[in-house]
Structures are given as C-alpha cells and as structure tokens.
Amino acid sequence: MESALTARDRVGVQDFVLLENFTSEAAFIENLRKRFKENLIYTYISSVLVSVNPYKELEIYTKQHMERYRGVNFYEVSPHIYAVSDNSYRSMRSERKDQCILISGESGAGKTEASKKILQYYAVTCPASLRVEEVRDRLLQSNPVLEAFGNAKTLRNDNSSRFGKYMDIQFDFRGAPVGGHILNYLLEKSRVVHQNHGERNFHIFYQLIDGGDEDLMRRLGLERNAQSYQYLVKGHCAKVSSINDRHDWKTVYKALTIIDFSSTDIEELLSIVASVLHLGNLQCSSDDDGNVVITGENQIRLLSRLLQVPGTVLREALSHKKIIAKGEELISPLNVEQAAYARDALAKAIYGRTFSWLVQKINKSLAHRDSTYSTRNRPNVIGLLDIYGFEVFQHNSFEQFCINYCNEKLQQLFIELTLKSEQEEYEAEGIAWEPVQYFNNKIICDLVEEKHKGIISILDEECLRPGDATDLTFLEKLEETVGKHPHFVTHKLADQKTRKTLVREEFRLLHYAGEVNYNVTGFLDKNNDLLFRNLKEAMCESGNEILQQCFERGELDDKKRPETAATQFKNSLAKLMEILMSKDPSYVRCIKPNDAKQPGRFDEVLIRHQVKYLGLMENLRVRRAGFAYRRKYEVFLQRYKSLCPETWPNWKGPPSEGVSTLVQHLGYKPEDYKLGRTKIFIRFPKTLFATEDAFELQKHTIATKIQAEWRGFHQRQKYQKIRSSAITIQSWWRGELGRRIARRRKNAALTIRRFIKGFIYRHKPRCPENEYFLDYVRYSFLMKLKRNLPKNVLDKSWPVPPPALSEASELLRDLNMQNMVQSYCKRITQEWKQQLEQKVVASEVFKDKKDNYPQSVPKLFVNTRIATSELNSKVLQLIQSEDIKYAVAVTKYDRNGYRPRARQLLVTPDSALIMEEAKLKQKIDYVDLSGISVSSLSDGLFVLHVPCEDNKKKHKVHDQAWERRHHRFHIRIRTDHFKIKEWTPVCGGSSTELQMMLPVRSE
Ligand SMILES: Nc1ncnc2c1ncn2[C@@H]1O[C@H](COP(=O)(O)OP(=O)(O)O)[C@@H](O)[C@H]1O
Ligand SMILES: [Mg+2]
C-alpha cells in the first residue's frame, strides 16, 4: 500500500480508507472511476477487495502475476484477487485456521469469474503431487459441469449462476489441495419451465441439442432444433452470439469423464435432461367433463423409456391427483390447467433434484480420500462463496425475496465479523475501543426469519392452513402481523405518497441496502413447491438410478409435511452462517460497470446503486471509525527510519520506541495516532500522506546521492574491470604463444631425431627406426619428380632416384615417355606427318653422312622453291603437259673451269629439266639417270649421273684437280625412282656424264 501512495494522485487511492473524505459517496465513486479508466479494476477497503467487471480480458492473470503475489505481504503489491487468495492461503497455513472468501455482487458483476480466478491461483501456486493434480483437475472441471446445469443466459449476464455455491477447498499439511466439497443453494427451478423475454433455460439443454452426436440424439429421441421444444423458446432467444453451445458441450462432456462419471451415469443424466424437454411438449386435450386427456402417445412412450417408468403409470400420474386425507387416498382427475401445472411441477422437481444429485456426485469425486487424516486431524480449508447479490427488478418475486434475505444475512455476518475483528485488534493492542455507529441490519433479518412472527413463518403458516389460502390472504396476514414493523410497508399501510409507488399485491422491505417491492403473486406456490403424491410415486418406480436416488420411497411414507422452500432456504442459510462464522473471512465485492456488458463504460447511476446495495460506504465507515491506518512497528520503522536522524540508518532499541521517537520527530500530534502493543495506529490519512511525501522527498535526495556515488563507483569498477580483463587476455596470449613455440620445438626435435635414426638405418630392411626416413625419402623423390617431369620427348633430364625406387623410377620414366609420345602423336597434323616422313627419309639418307645435315633438321621441307607463276611462260609452253613437282634455282658448274651458270631445275614425274631462262638446256629422263651423289661436306652440291653423250668431252670433268677437290664425294642417294649407285668422284671409263649443280638456297 505504501508504494501505492506515491501513485495516489494519478490513479486515486488503492485503499478507500485513505480517502480523505471517506463519507462522501461521490469521492468514493470518483476514485473507482479514475482507476477503472486506467484498467485498475481492483481497490481495497482495508482488507475487502472491491472489483469492477472490466468486461474485457486484462493481462493481469498470467502465471507471472500469480508468482508476483505469491507469499508477498498484502500491502506490498497493488490490489488483486490473487493478493486476497494468497493472504487467505498464508493465514490458513501459518495460523492453521480455516478461511473463507465471500464473493458477492449483482448478477454479472464478476463473482463466478472471481471464484474461478481464485481456484486457478491455488491450482498453479500450491505444491503439487500426482494425487494433487487429480484433485486440482477435478476442482477445475467441476465448474463447467455445474455451470452447464446451473447457469443460464439472463438479461444481466449471459452466464448467470442460477444457484448459490459454497465450495470448500481442502489442503493437506504441506498446503497442497487434496479435496473439495460443494454446497448448493436454491436453484432457480422456475427457469426450467419458463423464461422471461431475452433469457434462456439452463445451458445444458441447448448444449445437448447442439452438440450431442447423432446416436445419442436418436436414443434420446431429440431433434437438433431448440424451436421444437416449448421449454426452450419462452424467452425467444435460443441462440446467443456470445455462447458456443456445441463447443461448451464438448467441454462439459470431457469434464464429466474427468470427475468420475461412468458412461451409464452420463446416459442416465442426459435421459433426464431429454425427458424434461419431452415433458414440455406433452400434448393434452380436454374431454366432455373438462378432464384432461393426454394425447401424445409417442411422447408418453418416449418419456416412459427415458424415465424408465411404465407408460400407464406416467399417464395416470400426469392426469390425476392423489391426496391422502384422514388416512384415505383420494384420487381425482385433473383439468387441463391443473395437468399443465402438474407437468411443470414434475419437470422442475426432476431437474432440481437431479441438480442436487449432480452436486453430491461431484462431491464424491472431490472427496478427500487420504486415510492418514482422522476426524481430529482434518485438513484445513478455504471456502469460496459465490452467491447471488442483491437483486432488484421491476417485478420482484419469491426468488428475489430469498436472495435478498440471503444478502441481509451475509451483511449481518460481515458487520459482525468486521466489527468483531476490529474490536479484537483494539483489545489485543491495548487501545480503548471507541464505539462505532453503524446500521445493524439484525432488525431486518429478524423481520424475515423470526419464529412465528417473521415473514417466512407467516408464509409457511398460510401454506399449511386448511381453507382457501391465497397469495393475497398471505399479504393480509403480513399486514396483520408485521404491519407495524419500521422496515415493512404495503399499499394499504402506506401513507399517501408512498402508496403511489406500490401496487396492491406488493409489500416493501426496507433492506439495509435499499427498498425493494415484492409482488406476492406465486409466493404460496413457490413456497409449497408441491409435487402431487402420485407423480412422486411414479418417479419412485423409475429404473433410472439417478431418479431412484432423487425420489426415495421413504419420502412417501414420511407423514410429516416436507419443509417449505423458504424454510429449507432459511435453514441452509443458518448452516452456511455457522460454517462462515467458524472461519476467518475475506471479502470480494463485485461491481458491474454497465448493463450493456461493454468494456470501458462506467455507468455512474448503476454503480452508485451497487455501492449502496453492497453496503460499501457503510463498510468504509466502520473501517475508518477508529483509525485509517495501522501497521506493525517493524514495518513502519523500516520504511520511514530515514526521516529521523536517531533512527537512521539503524535503530538499536525496541521498534516501538523507535516509532515513538520517529513520530515525535515528525511532529505527530497526540490525537493523530496511538501506539498499541505491536502496531502504530494513525487516525487520518493526511498524517500518513504527509509522512509518505517526506519519505518520497528523502528517498529522492538519498537516491540522487547514492546514484552519483554509484556512478563514480561504477565507472571505477568498469575501468578496473577492463584493465584486469586486458591483463588477463594479454597474459593468456603470451602463454599461448610460448606454448606454441615450445610445441613446435618439440616436434622439430622429434622429427630431426627420427630423421637421423632413419638415416643410420637406411640400408636396413624396413623397421620402425627407418620407416619414417624411408617414407620421407620416397615421398620427397616422388614430389620432386612431380615438379620436374620432362616437358617433351627431347628433354632427357630425370631426377636421381633413391636406391629403393630405382626400378620404379625407370618404369615411371618409360611410362612418362610413352605418355609424351602418345600425346604428341595425337596432336600432329597430316602435313606435319608428311614432313616427318620426309625427315625420316632424309635422316636415313643423310644422317652421319653429311656435315651440315644436323642444321637442316629443324628446317621444313617446301613444295617448291619457284612457284609456277614465277616460271617463264615459254618454259611452261615448252613442257606443256609435264607436271612440275619441284622447281629450284640452281647453279651449274661447267665442266671446264667450273664456271657457275644460273639455271633452274624442274623436276617432273619422269624427268629432270635444266632450264636457262626460257631455254631447255638439258632434259634428263630418269630412266637414263644412273645416280645422284652429294658430298659429305657442308655444301649444297649434288651430282646427277647421266650417260655420257660425248665421252670425250665429258670425260674432262673427271680431271685430277676436280678429283682431288672432291675426293670425299662418296655419298649415295637412294630414292624409289633413282637407283643410286655409289658415286666415285671419277667413274673411270664409265659412261656417266657428271653434272654438278649448286642450289641457290640450301635445303
Ligand atoms: N475479471 C474479469 N475479467 C474479464 N471479464 C470478466 C471478469 N469478471 C467478469 N467478467 C465478464 O463478465 C461476465 C459475467 O461474469 P460472472 O462472473 O459470470 O458474473 P456473476 O457470477 O457475478 O453473475 C463473464 O462472463 C465475463 O465475460
Ligand atoms: Mg455467477
């Protein structure tokens, strides 16, 4: 709460006791409004939680939120339903005392949602075990089932609970939920047979019709159309957009299986639900005597099957009335109207009793089964009461009377308990109790419930007395008996002015929360809750096990008149009060912000009405009658000690004295506060606010100081941190470098050692000592070879292999050569091949025989030295048909004096022609050619041997000098065409003529 004070200007106060003007309703509502607009739906009145329905999902119910409230002091966190839940839980655990949380408010104000939130909180935050999980599931799953059968759409709330519910959650010694028990109050049975415009019957009917599978529908004889059933369409709104009946059906069906319903249980339960719908459609007509005749043969057959009651019994029971008078049974036929009444009574009775059976069945499933608990050592419980709030309609009937009576009782309990606890606290703290002025509503409770004189007694009496008792005679009785009561008035008793606001059939009660007019019409009927005896008898015959438990035979034999509805309710309320009185209560007061179920709308008139009806102002007044604020000394001192030099930073003595010193320093006046045994009590909020403001200021100053110091410290720390990080990194890196070098050295030494050893053992067979060395030598040879392979066939280089690889080296060398040759061969062209072939021939002829042969090798052969076009045209004419294979300019040396003469040598297929310009000087047919000779020297000379034409002349060639000069002409040339003879420089006496020619260009 203290932290809340800081925010009080922005979103009002989180606790109404801190409202300066606590008696002002306007201030109260303004505070609610401010907070509601900020989505702050919860506000305290001390420990009472006021909750305004937001009508929208707020992000305040997550697991994180639950954790935030778990185990935290009520005042330390903002108001929340979880704070109330946690506070009750912790009180139960620490004081081992039962708790209860009473949730009240108008229909649609959020009671049921609140109770679900509480249950979820316990489900999530309490210790768990396997058994606990099971119980938790059942506790949670009992809700959708009860809501299906007990909730309905009303004008106020689409999911309005039409019964009161008190649920005990039992906890074991570890604080884990281990069981539960539910008490139900006054189900609004009339809804089964009638609904006001815009309202629906109980959800289960629509869910079954929408969601039941085909098989089930067939077995139950149902159609998938709500319009077909009289009991479902009275309110003209079977379909509601906010409700998904089919989806809800699935949830309910699943929940039923979780809470131990067998398939037979479910089948029988749904048969009852279906039978109610069929009852509503029962067709009757009237015979000549005005007696009823049931005509719906099919319906009777269906009903008989579903209720497991013989058809004849059912028919008889629905059309006759049995009364026992003076020990004699009287049976009389019913008229149509009476039969309809009986039928509706049966439908209501069946549904109402089945609902109670359902609660019992759920209780069995929730029952705490741990045998370690004896009755003495029973588990602690937290009770949740989700019960109807004050209801004021245009037309208020018996139900509103009961509901409002219930609220009077709860208010009485609330006042008593609040005052009691206040008083007890004052007493415990040794502070004189100052009487509080408050409205004690006991007077109204008595008006309703007092024996013989109360309204319920009078109603019962009227129901029981012989003669023609009616609702109006009841009203008269009321006027006679309680007419003088200050909180009671009727049309007849009222003064002129009041009379205008009352009709004749109404009586008005002045409840603590306001005035309500009740119309007596139907009071007697509803109170009697009569079911004709023969209908009860028929139900007792049922084979349906649920109905057997609902209608016991003993009831028929009981001569005592059954308790009326009002008395039953009164007794159950008395029991409830006992239950609640035995527990420590917490309160949740729910408020509905608007009738349109819309988020963000704050209808002030509606809210003022509820603030009044919930008695919130009264509540605040009681709580503020003495002191607005109280807190344990330790807590107070801890928070505010910084405001006084003596208490700051630590107070050494007892906390009470510390607080005393502190408040004196703060200048509290004696009348502003009281010091109890363990707590300080502060009378007015303004005193606390002033202290809180001073605290905030101080906090701010201290915070600024601390912040500045902290920043400096932080800066230094940061620098230190960076420095030490840098040193750490540096030293690590140095170490790492050192380690790396050492590693490398070690590896190097190892390698060298292995190498030396390997070298020593290199000639030994392979062994561990030399294997590394040998492998390395091989490897390095192969790598060297790979890098230095010969690039062409002429390159004869090859690395020297180690001895172990000499054979492999040779093989590789051959292989490499083959490869090179192969790839060379693949590459060469046709022309090149020809060249090579010619070169081979040349090689064969000249190699090692002519000095300048090696120089000629790289020179390419050409087709001709003189192109045809360059030849003299006369020559061409002369040789005409001859095909010139080769033409070359040559020099002819004369035999005499070896004078050089320029000539052209033309080679044709058959002959060689020697030309001088255009003149054919000589034609040598190959057939006549006897040889060709060249010299072995580095010259271009060659000799064609032809028969000598003029032996005398030619012989001169072979003179001595020539011979001497050319004595080395011993080369023989062979071609296909020429038969080469060894040329001797002088063919003594031979018939060959020697021609000598020197080519112009060497070839
Ligand atoms: N805390 C809440 N947060 C969001 N919606 C809520 C809350 N409480 C109530 N509501 C809405 O209001 C509707 C009516 O609430 P419900 O608890 O059924 O009212 P009551 O039980 O008081 O009649 C709910 O169906 C839900 O839509
Ligand atoms: Mg409800």
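Helices, as the term is used here, are DSSP runs of H or I of at least four residues, numbered from the N terminus. With that in hand, a convenient place to begin in this predicted model is Asn544, a residue of the loop between helix 21 (533-540) and helix 22 (545-550). Asn544 has a relative accessible area of 0% and is therefore buried, the cut-off being under 20%. A polar atom of the Asn544 side chain lies 2.9 Å from the backbone nitrogen of Ile546. Beyond the neighbours within four places in sequence, Asn544 is in contact with Glu268, Ser271 and Ile272, and also with Leu306, Leu307 and Gln308.

The metal site comes next. The magnesium ion (ligand 2) has two protein donors, OG1 of Thr112 and OG of Ser161, which lie 1.9 to 2.1 Å from the ion. Thr112 belongs to helix 5 (residues 111-125) and Ser161 to strand 5 (residues 160-161), so this pair ties together parts that are 49 residues apart in sequence. Thr112 is buried, with a relative accessible area of 13%. Ser161, at 18% relative accessibility, counts as buried too.

Attention now turns to strand pairing. Strands 13, 14 and 15 form an open sheet in the order 13-14-15, with antiparallel pairing. Its edges are strand 13 (488-490) and strand 15 (514-519), each of which pairs on one side only. From one strand to the next, the twist averages 25°. Three bridges pair strand 13 with strand 14 (residues 506-511) in the antiparallel sense. Within this pairing, Thr490 has Phe507 of strand 14 as its bridge partner.

Just where does the chain place Gly522? Gly522 sits in the loop between strand 15 and helix 20 (523-528). With a relative accessibility of 19%, Gly522 counts as buried. Gly522 and Thr470 are 52 residues apart in sequence, while their C-alpha atoms are 9.0 Å apart in space.

Phe507 of strand 14 also appears in the nonpolar interior. The largest nonpolar core has 201 residues, of which Phe507 and Phe636 touch the most other members. Helix 14 (residues 336-366) supplies the largest share of this core, 14 residues. Another core, of 14 residues, lies apart from the largest one and includes Leu905, Ile914, Ile924 and Leu929. As for Phe636, its contacts beyond four places in sequence are Tyr629, Arg631, Val659, Leu662, Val663, Tyr668, Ile680, Ile682 and Leu688.

A further antiparallel pair is made by strand 22 (residues 911-916) and strand 23 (residues 919-925), which are joined by six bridges. Met915 has Leu920 of strand 23 as its bridge partner. The hairpin of strand 22 and strand 23 has two residues between the strands, and Glu917 takes a positive phi near 50° there.

Which residues of helix 26 are buried? They are Leu616, Met617, Glu618, Asn619, Leu620, Val622, Arg623 and Arg624. Because eight of the nine residues of helix 26 (residues 616-624) are buried, this helix is largely enclosed by the rest of the structure.

Some backbone details complete the picture. The peptide bond that joins Trp648 and Pro649 is cis, with omega about -5°. Pro649 is placed in the loop between helix 27 (633-640) and helix 28 (655-666). Ser46 is not a glycine, yet its phi is positive, at about 55°. The residue lies in the loop between strand 1 (42-45) and strand 2 (48-52). Ser46 counts as buried, with a relative accessibility of 5%. Tyr55, also not a glycine, has a positive phi of about 50°. The place of Tyr55 is the loop between strand 2 and helix 3 (63-69).

How values were computed:
Residues are numbered from 1 along each chain as its sequence is written. Chains are lettered from A and ligands numbered from 1 in the order in which they are written. This is a predicted model: local features need pLDDT of at least 70, side-chain atom pairs count only at pLDDT 80 or more; totals for chains, interfaces and linings use all residues. Side-chain values use heavy atoms; hydrogens and water are left out. Two strands pair if DSSP finds at least two bridges between them. Axes are lines fitted to C-alpha atoms, for helices over the stretch in contact, and angles run from 0 to 180 degrees between N-to-C directions. Buried means under 20% relative accessible area, exposed over 50%, partly exposed in between (1.4 Å probe, protein chains only). A polar contact is a pair of N or O atoms within 3.5 Å; within protein, one must be able to donate a hydrogen and the other to accept it, and residues adjacent in sequence count only if both atoms are side-chain atoms. Contact means heavy atoms within 4.5 Å. Donors are N, O and S atoms within 2.8 Å of the metal (3.2 Å for Na, K and Ca); water is not among the atoms, so sites may look incomplete. A nonpolar core is a set of buried Ala, Val, Leu, Ile, Met, Phe, Trp, Tyr and Cys residues joined through side-chain atoms within 4.5 Å.
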